[in-house]
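Trainee: Could we go through this structure together? I would like to understand the reasons behind the words people use.

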Amino acid sequence: MMMMRRLYFLLMICLLTTTVRGQQATGLNGLIHVPTADMDTVGMARIGAQFLPHEMVPDAFTLDGEKYNTASNYLSITPFRWIELGYGYTLMKFHKNLNPKRQTGFYAKDRYFSAKIQLINEDQWWPSIAVGGNDVWGSGEDGKSGSNYYKNYFVAASKHIDYSGHLFGAHVAYRDWYRDYNHRWNGVVGGITYQPAFYQPLRAIVEWDGNGVNCGVDCRLYRYFLLQCGLFEGKAFTCGLCFSINLL
């Protein structure tokens with residue numbers, strides 16, 4: 001009941017505000033946990049944060065044998081029409097000074113870079129095609145940290161159809177994760193989006209991330225803000241807020 005009240009409150013905020021862009025926890029355009037071939041406006045810079053339930057993060061994020069909820073922060077930019085670049089980090093929870101008798105807190109961050117390149121721009125007949133990845137540069141398996149918790153690569157296609165002002169989007173991608181504990185998200189993923197004719201800043205999302213079905217909404221708030229909220233695997237609440245501004 002409390003979860004439904006939260007979702008209802010966030011949806012009402014969206015309906016009272018004013019072009020929607022997707023937001024991933026990584027800061028690149030996408031759905032909730034699935035990449036797309038969509039790109040942002042040239043010159044757009046974004047800074048934001050997302051609450052991540054433990055179901056949404058790699059299995060390596062554990063403390064005393066149990067996974068924990070956390071959050072991500074990111075900074076991303078679209079310097080040209082065909083490329084998006086992002087830098088982000090996820091908070092990691094440890095015992096203070098790595099002493100199991102000390103208190104716990106978010107004393108570390110897993111940092112990573114993300115990139116997406118659009119090879120084909122969408123037109124009347126063809127979908128947009130893009131390739132990209134998260135954690136695309138960093139230490140490898142034999143590196144000092146050996147992290148690469150989010151390392152994955154993907155190829156994605158997106159196509160939108162306008163029907164009497166209602167905008168429908170179809171998105172499909174093939175994604176390959178580097179770490180074995182993320183392989184449940186490997187393979188073909190995708191989703192559908194819907195923007196109603198009466199209020200296109202609002203977008204509804206349903207996606208398949210390779211392991212489960214996620215759903216949610218996002219909406220542009222007062223020109224500069226983008227709010228996204230959803231249910232991961234239909235049960236775990238996630239929510240993020242992004243500030244975006246065009247630097248050109």
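**Reasons behind the labels**

Mentor: Gladly! In this predicted model, the side chains of T90 and Y150 are joined by a polar contact of 3.3 Å.

Trainee: What makes the link between T90 and Y150 a polar contact?

Mentor: The cut-off for a pair of N or O atoms is 3.5 Å, and the T90 and Y150 side chains are joined at 3.3 Å, so the pair counts.

Trainee: Why is T90 called buried?

Mentor: Buried means under 20% relative accessible area. T90 has 0%, so the label fits. T90 belongs to strand β5, residues 83-95. Setting aside neighbours within four places in sequence, its contacts include L52, F61, A108 and Y112.

Trainee: And why does I120 count as partly exposed?

Mentor: Its relative accessibility is 39%. Partly exposed lies between under 20% and over 50%, so I120 falls in that class. I120 sits in strand β6 and is one of the residues making a nonpolar surface patch of about 1,300 Å².

Trainee: Which strand gives the largest share of the nonpolar patch?

Mentor: That is β6, with three residues. Both β6 (104-120) and β9 (166-177) supply at least two each.

Trainee: How do you know how many disulfides there are?

Mentor: The two sulfur atoms must be within 2.5 Å, and by this rule the count is zero. For C215, the nearest cysteine sulfur belongs to C229, 9.7 Å away, so C215 is in no disulfide.

Trainee: Is C215 buried or partly exposed?

Mentor: Partly exposed, because its relative accessible area is 32%, whereas C219, at 0%, is buried.

Definitions and conventions
Residues are numbered from 1 along each chain as its sequence is written. This is a predicted model: local features need pLDDT of at least 70, side-chain atom pairs count only at pLDDT 80 or more; totals for chains, interfaces and linings use all residues. Side-chain values use heavy atoms; hydrogens and water are left out. Patches are made of residues with over 30% relative accessible area and no salt bridge: like charges are joined within 9 Å, nonpolar side chains (Val, Leu, Ile, Met, Phe, Trp, Tyr) within 5 Å. Accessible areas come from the Shrake-Rupley method with a 1.4 Å probe; for residues, only the protein chains shown count as cover. A salt bridge is a side-chain nitrogen of Lys or Arg within 4 Å of a carboxyl oxygen of Asp or Glu. Helices (H or I, at least four residues) and strands (E, at least two) are DSSP runs, numbered from the N terminus. Buried means under 20% relative accessible area, exposed over 50%, partly exposed in between (1.4 Å probe, protein chains only). A polar contact is a pair of N or O atoms within 3.5 Å; within protein, one must be able to donate a hydrogen and the other to accept it, and residues adjacent in sequence count only if both atoms are side-chain atoms. Contact means heavy atoms within 4.5 Å.
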